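Hi everyone, thanks for making time for this. I'd like to walk you through one structure, and I'll start with a small puzzle.

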Amino acid sequence: MSDDIVLVERFPGIDDYMRTRIAAGMHPMSREAATRALPNTLYGVHLARDGQVVGMGRIIGDNGCFFTVVDIAIVPELQGRGLGKRVMTALDAWLQRNVPPSAYVTLIADGDAKYLYAQFGFVESAPVAVNMEYVMEAGGVRSHAHLHLSDH
Ligand SMILES: CC(C)(COP(=O)(O)OP(=O)(O)OC[C@H]1O[C@@H](n2cnc3c(N)ncnc32)[C@H](O)[C@@H]1OP(=O)(O)O)[C@@H](O)C(=O)NCCC(=O)NCCS
């Protein structure tokens, strides 16, 4: 059961953030990237068990026109027990309270995670619009290697 897991309305610190992304099999972020990114979080939460971060999710954006849900991750040993839904329920409640009419709310769904997001009103934009991306590597190299993994 997940009764001993609490949802905290605060995004994890840098070390827990980097560790949890890797634990969930997501593309690793550099410390520099994470250090610059996390203070720009509009709203974020984490799940804690015995003081340890076991899940997280956050919203970023310009706080007016564009909002993006990112970093939804649950550690593998606790996936499939409703914890991702718990994180999304908290983020959805914040979006309902804070997003003004006409604004876009978007996310990139990896694989079957789309079934989770569909429960919160997200629909696939393709073929009208598709996500396009690259990962910046050292020296300005635009990489697509991450697309071999299911991560963002
Ligand atoms: C994707 C992820 C966040 C989902 O969290 P989770 O705790 O495993 O999901 P939950 O148990 O809360 O599932 C919530 C709902 O989504 C559905 N769902 C979640 N993952 C699913 C999957 N792979 N296939 C089908 N449905 C799925 C569940 O059926 C459930 O629906 P229900 O309540 O109607 O039964 C988690 O598996 C994870 O961290 N994966 C690795 C990292 C990742 O891919 N993050 C997402 C980046 S977009």
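How many residues lie between β3 and β4 in their hairpin, and which residue in the turn has a positive phi? Have a look before I go on. One thing to keep in mind as you do: this is a predicted model.

Right, here is the answer. The hairpin of β3 and β4 has four residues between the strands, and the turn residue with the positive phi, about 65°, is Asn 63. That value sits in a residue other than glycine. Asn 63 belongs to the loop between β3 and β4. Is it exposed or buried, or something in between? Asn 63 counts as partly exposed, because it has 14 C-beta neighbours inside 10 Å, and partly exposed means falling between the cut-offs of 12 or fewer for exposed and 20 or more for buried.

Now let's step along to the other hairpin, the one made by β2 and β3. Here two residues separate the strands, and Asp 50 takes a positive phi near 50°. Again this is a residue other than glycine. Asp 50 is placed in the loop between β2 and β3. With 7 C-beta neighbours inside 10 Å, Asp 50 counts as exposed.

So much for the turns; let's put the strands together. They belong to an open sheet of five strands, in the order β1-β2-β3-β4-β5, and the pairing is mixed. At the edges are β1, residues 5-8, and β5, residues 104-107, each of which pairs on one side only. From one strand to the next, the twist averages 15°.

Where does the mixed pairing show up? Take the pairs in turn. β2 and β3 are antiparallel, joined over seven bridges, and as an example, Gly 44 has Arg 58 of β3 as its bridge partner. β3 and β4 are antiparallel as well, over six bridges; there, Gly 61 has Phe 67 of β4 as its partner. β4 and β5, on the other hand, pair in the parallel sense, over four bridges. Phe 67 turns up again here, with Val 105 of β5 as its bridge partner. If you want one residue to click on while following the sheet, I'd suggest Phe 67, which has a bridge partner in β5.

What about β3 itself: is this strand enclosed or open to the outside? Eight of its ten residues are buried, so β3 is largely enclosed by the rest of the structure.

Next, the helix that goes with the sheet. α3 lies across β1, β2, β3, β4 and β5, and runs at about 30° to β3. One residue to look at in α3 is Thr 89. Thr 89 counts as partly exposed, because it has 15 C-beta neighbours inside 10 Å. Thr 89 and Gly 121 are 32 residues apart in sequence, while their C-alpha atoms are 11 Å apart in space.

On to the ligand. Its shell is made of 22 residues, and the closest are Gln 79, Gly 84, Lys 85, Asp 112 and Leu 116. Which elements give two or more residues to that shell? They are β4 (66-74), α3 (83-98) and α4 (114-118). So we meet β4 and α3 again, this time around the ligand. By class, the shell has eleven nonpolar, seven polar and four charged residues.

Two more stops along the chain. The peptide bond from Ala 126 to Pro 127 is cis, with omega near 5°. You'll find Pro 127 in the loop between α4 and β6. Further on, His 144 is in the segment after β7 (142-143). His 144 is exposed, because 9 other C-beta atoms lie within 10 Å of its own. His 144 and Val 99 are 45 residues apart along the chain, and their C-alpha atoms are separated by 32 Å.

Finally, the annotation. An unreviewed UniProt entry lists residues 5-141 as "domain: N-acetyltransferase". Over that stretch, the chain is 28% helix and 26% strand, and the end C-alpha atoms are 41 Å apart.

That's my tour. Thanks for listening, and I'm happy to go back to any view you'd like.

How values were computed. Residues are numbered from 1 along each chain as its sequence is written. This is a predicted model: local features need pLDDT of at least 70, side-chain atom pairs count only at pLDDT 80 or more; totals for chains, interfaces and linings use all residues. A residue is near a molecule or strand if its C-beta atom, placed from the backbone, lies within 6 Å of it. Ala, Val, Leu, Ile, Met, Phe, Trp, Tyr, Cys and Pro count as nonpolar, Asp, Glu, Lys and Arg as charged, and the others, Gly among them, as polar. Two strands pair if DSSP finds at least two bridges between them. Axes are lines fitted to C-alpha atoms, for helices over the stretch in contact, and angles run from 0 to 180 degrees between N-to-C directions. Two residues are in contact if their C-beta atoms, placed from the backbone, lie within 7 Å. UniProt positions are given in the numbering used here, feature names are shortened, and annotations may be inferred rather than shown by experiment.
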